[in-house]
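The following paragraphs lead the reader through a protein model, beginning with a single polar contact and moving outward to the chain as a whole. The sequence and the structure are shown first.

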Amino acid sequence: MQTGSDARSGSSGNAGLHLPVTVGKHPHLDGSVALTIGNFDGVHLGHRALVERCRSCVGSGGKVVALAFHPHAMVTLNPEHAPEQIEPFAVRRQRLLALGADEVIELTPTAELLSQSPQSFVDHLVDTYQPGVIVEGHD
């Protein structure tokens, strides 16, 4: 899997519109795994766009996996500034599944997980889930 700015797509001529960024070998990897990662608290249209982009990358024969942090990472990093939870994890899971995710996996933001370098984190994701593509939003 390729990572880096040469593998990114998703720009739009619409000012202020942030489309999902796709990182991977090829934008159409039918039968592969598409991975998206986030908090997904208060599932909204931006989250739908992520799931839809994942599906468009892997097709109907592929698998869309959403890795959802729970609780928010700030609960571990800086608890006094952690945002309030909008909805329970079970509700987020159901909403993401209803949007088309095939699997929603809860990621607990432990100190060990959060102390990994970005490259180590991505390497772990690639080793564990073997995605053909990782789709992320602007934040």
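**From a polar contact to the whole chain**

A polar atom in the side chain of Ser32 lies 3.2 Å from the backbone nitrogen of Gly132. The model in which this pair occurs is a predicted one. Ser32 belongs to the loop between S1 and strand S2, the latter spanning residues 33–38. With a relative accessibility of 18%, Ser32 counts as buried. Apart from neighbours within four places in sequence, Ser32 is in contact with Val58, Gly62, Lys63, Pro131 and Gly132. Gly132 therefore appears both in the polar pair and in the list of residues in contact with Ser32, where the cut-off is heavy atoms within 4.5 Å.

The wider chain may now be set around this loop. The protein chain contains five helices and five strands, and from the N terminus on these follow the order β-β-α-β-α-α-β-α-α-β. Of its 139 residues, 36% count as buried. The exposed surface of the chain is about 7900 Å², of which carbon and sulfur atoms supply 52%. Among contacts with a separation of 6 or more, 75% are between residues 24 or more positions apart.

Confidence has to be considered before individual elements are examined. The chain has an average pLDDT of 84, and 80% of the residues score at least 70. By element, the mean is lowest in strand S1 (residues 21–24), at 54, and highest in H3, at 98. Over residues 1–19 the pLDDT is below 50, although this stretch has 32 contacts in the model beyond near neighbours in sequence. Where pLDDT is low, the predicted coordinates should not be read in detail.

Helix H3, the element with the highest mean confidence, spans residues 89–99, and its buried residues are Phe89, Arg92 and Leu96. These residues lie on the same side of H3, because they cover an arc of only 55° around the axis. The general geometry is that an α-helix has 3.6 residues a turn, so residues three or four places apart point the same way. The cover over the buried residues of H3 includes helix H1 (45–58), strand S3 (63–69) and strand S4 (103–107). Just after H3, Gly100 adopts a positive phi of about 125°.

On the other side of the sequence from H3, the loop between helix H2 (74–77) and H3 holds Glu84. Is Glu84 buried or exposed? Its relative accessible area is 71%, and Glu84 is therefore exposed. The C-alpha atoms of Glu84 and Pro71 are 9.8 Å apart in space, while the two residues are 13 apart in sequence.

Two cysteines, Cys54 and Cys57, raise the matter of disulfides. How many disulfides does a search of the whole structure find? The search finds zero. The sulfur of Cys54 has its closest cysteine sulfur in Cys57, at 6.7 Å, and this is too far for a bond. A disulfide would require the two sulfur atoms to be within 2.5 Å. Both residues are nevertheless buried: Cys54 has a relative accessible area of 0%, and Cys57 has a relative accessibility of 3%.

Helix H4 (residues 111–114) contains Leu113, which is buried at a relative accessible area of 15%. Not counting residues up to four places away in sequence, Leu113 touches Phe69, Thr108 and Phe121. Leu113 and Ala73 are 40 residues apart along the chain, and their C-alpha atoms are separated by 9.9 Å.

Helix H5 (residues 118–129) includes Tyr129. A relative accessible area of 22% makes Tyr129 partly exposed, since a residue counts as buried only under 20%. Tyr129 touches Val33, Leu35, Leu67 and Ile105, leaving out residues up to four places away in sequence. Of these, Leu35 is 94 residues from Tyr129 in sequence, yet the two C-alpha atoms are 8.0 Å apart. Strand S2 covers residues 33–38, strand S3 residues 63–69 and strand S4 residues 103–107; the contacts of Tyr129 thus include Val33 and Leu35 in S2, together with Leu67 in S3 and Ile105 in S4.

Note on methods. Residues are numbered from 1 along each chain as its sequence is written. Side-chain values use heavy atoms; hydrogens and water are left out. Helices (H or I, at least four residues) and strands (E, at least two) are DSSP runs, numbered from the N terminus. Buried means under 20% relative accessible area, exposed over 50%, partly exposed in between (1.4 Å probe, protein chains only). Accessible areas come from the Shrake-Rupley method with a 1.4 Å probe; for residues, only the protein chains shown count as cover. The arc is that of the directions from the helix axis to the C-beta atoms. pLDDT is the predictor's confidence in each residue, from 0 to 100. A polar contact is a pair of N or O atoms within 3.5 Å; within protein, one must be able to donate a hydrogen and the other to accept it, and residues adjacent in sequence count only if both atoms are side-chain atoms.
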